[in-house]
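This briefing is for a reader who has not seen this structure before. Please keep the sequence and the 3D view open while reading.

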Amino acid sequence: MLNISLPRFPVTLACLMLLSGAGHGAPDPFKMDRRVPVPRPVSQEPMAAPCQPPSADTLLTLTQVVDEALCHNPRTREAWANARAQASLAGVAQAAYLPSLNASLGIGRRYSEMEGNNQNAEQNTASLTLSYLLYDFGGRAANLENSRQLLEALLATQDATRQNVFLSALQAFYQVHATEAAVQAARESEQAAQESFKAAEARYLAGAATPADKLQAQTAYSQAMLNRIKAEGNFKNAQGVLANVMGRDAYTPVRLMPIEARFPEQRFEQNLETLVAMAKARRPDLLAAEARYKAAQASIAAVRAEGMPALSLGITPSYQSLDGVSSQTGSLGLTLNIPLFTGFANSYQIRAAEARLEASAAQREQLAQQVALDVWQAYQNLITATHALRTTADLLASALASEQVALGRYKAGVGNILDLLNAQSALANARLQRIQSAFDWHIARASLAQAMGQMDKRLLDTPLPVDTNAGPARNTP
């Protein structure tokens, strides 16, 4: 009796959790190994109904925004579905290690005529055919390894998609807060411009200012109104982008929890070689490229095996009944299939597989270089954003003091309108630069984490360091 040892199904096929059963009695590839953790939303807090959107009146935190994006963004579902499809194809490759069994049934009548002697007999047949591939020079193993590595690549791609959605949600969240703060700053600038216009108009009516002063102040006021209108439009657009990232329609209102303004205390000076090494070990897109390279290697072995002999076991019991007379037969044997000449098709297939392997190696090397560049640029952007955030704090304080002095001098009649308008313009720019630097800092921090393949909940714990001296921000749907 033959004893065939079947290889253990790959561990990586359990990396995803199916929402429904595999069906049709087939083993579910994802459920054959429980050692790989099931992907979960970012939030670590217990949820009564996972992936259920909160009510419309709920003020969403950053964690809730990211959770909803990961659950409902179509990109994450597409990546998950692609991985499930490849898991099934890996199951097809695994099936080559099992025998195939076919049944055949036949019912009919047999007629014959010979020298006036007619015969009419009922004929029934039944047979079973068992076929078992015993040896094929590693073809099955190569095909299974190819499917397994392609699944690894899709799992890594799914992780990369998840991190991209994570970053998009985080960026959209801070963009909403940044544009809202810009609206508040624009309103403050508009109020200051209005006050200057009223002061210029009062001095003009009193004969202490020229018409040019009044017109310049009026122009600055109109420009401040236009800036406020544009800022409000940018805020609405940012809300639409956030709703889209969360898997909602763009017109769906999204209300966010106010965030605390706090200066970042973290230091980011680290060894770049260490960061690059960590990124190359963790980046999911690089892991996917490595898996595709290994799949290409297995593909060469599979193509080579197609040109080698294959040994199969066949068992065929059969039953036949002819006009009440029954008979039973059967066969048991080995079949050796030797491909002698295929028109050089196998040789060309091997060359094509080797070329694909070389292309995969080049893609892997190119991506490894890109990972190093991504880490370098993200690190430098974070250092720049950190310094800019510290500098804009001083810039805003000095611009605010300058504007107050210029306004007081103009109202006292010892200053001119140009000095006041320049100070107000500098203050408006300082507010916007402060807001933009805070936004840039968080995005640079998240971009460095993505470049290293480390998008996780730690990015959600540091509040946005915004301080525009324009009062507390409030979200409006």
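The notes below cover helix packing, a strand pair and a few single residues. The model is a predicted one. Helix 3 spans residues 139-205, and its contacts with helix 2 and helix 6 are taken in turn.

**Helix 3 with helix 6**

- Helix 6 covers residues 284-306, and its axis lies 8 Å from that of helix 3.
- The angle at which helix 3 and helix 6 pack is about 165°. Angles over 145 degrees count as roughly antiparallel, and the two helices are therefore roughly antiparallel to each other.
- The crossing of helix 3 past helix 6 is left-handed.
- Among the residues of the contact between helix 3 and helix 6, 14 are nonpolar, seven are polar and six are charged.

**Helix 3 with helix 2**

- Helix 2 is made of residues 74-95, and its axis comes within 9 Å of the axis of helix 3.
- Helix 2 and helix 3 cross at roughly 170°, and they are therefore roughly antiparallel to each other.
- On the side of helix 2, the contact residues include R75, W80, L89 and Q94. On the side of helix 3, they include N143, L150, Q158 and S168.
- The residues of the contact of helix 2 with helix 3 comprise 13 nonpolar, 10 polar and one charged.

**T179 in helix 3**

- T179 is a residue of helix 3.
- The relative accessible area of T179 is 8%. Buried means under 20%, so T179 is buried.
- Apart from neighbours within four places in sequence, T179 is in contact with A231, N234, F235 and A238.

**Helix 1 and its cover**

- Helix 1 consists of residues 62-72 and is mostly covered, with nine of its 11 residues buried.
- The buried residues of helix 1 are L62, T63, V65, V66, D67, E68, A69, L70 and C71.
- These buried residues pack against helix 2, helix 3 and helix 4, the last of which covers residues 211-245.

**The pair of strand 3 and strand 4**

- Strand 3 (residues 310-322) and strand 4 (residues 325-337) run antiparallel and are joined by 13 bridges.
- G314 has G333 of strand 4 opposite it.
- Strand 3 and strand 4 form a hairpin with two residues between the strands, where D323 has a positive phi near 55°.

**Two loop residues with positive phi**

- Most residues other than glycine have a negative phi.
- F137 is not a glycine, yet its phi is positive, near 60°. F137 sits in the loop between strand 2 (117-135) and helix 3.
- The relative accessibility of F137 is 40%, so F137 counts as partly exposed.
- F344, also not a glycine, has a positive phi of about 65°. F344 belongs to the loop between strand 4 and helix 7 (345-411).
- With a relative accessible area of 52%, F344 is exposed.

**Y348 in helix 7**

- Y348 is part of helix 7.
- Exposed means over 50% relative accessible area; the value for Y348 is 53%, so Y348 is exposed.
- Y348 and V303 are 45 residues apart along the chain, and their C-alpha atoms are separated by 9.8 Å.

Key: Residues numbered from 1 in each chain as written. Predicted model: local features only at pLDDT ≥ 70, side-chain atom pairs only at ≥ 80, totals over all residues. Heavy atoms only, no water. Axes fitted to C-alpha atoms, helices over the stretch in contact; angles between N-to-C directions. Helix = DSSP H or I, 4+ residues; strand = E, 2+ residues; numbered from the N terminus. Parallel < 35°, antiparallel > 145°, perpendicular 65-115°, else oblique. Left-handed = near helix turned anticlockwise from the far one by under 90°. Nonpolar A, V, L, I, M, F, W, Y, C, P; charged D, E, K, R; others polar. Buried < 20%, exposed > 50% of the residue type's maximum accessible area, 1.4 Å probe, protein only. Contact = heavy atoms within 4.5 Å. Pairing = 2+ DSSP bridges.
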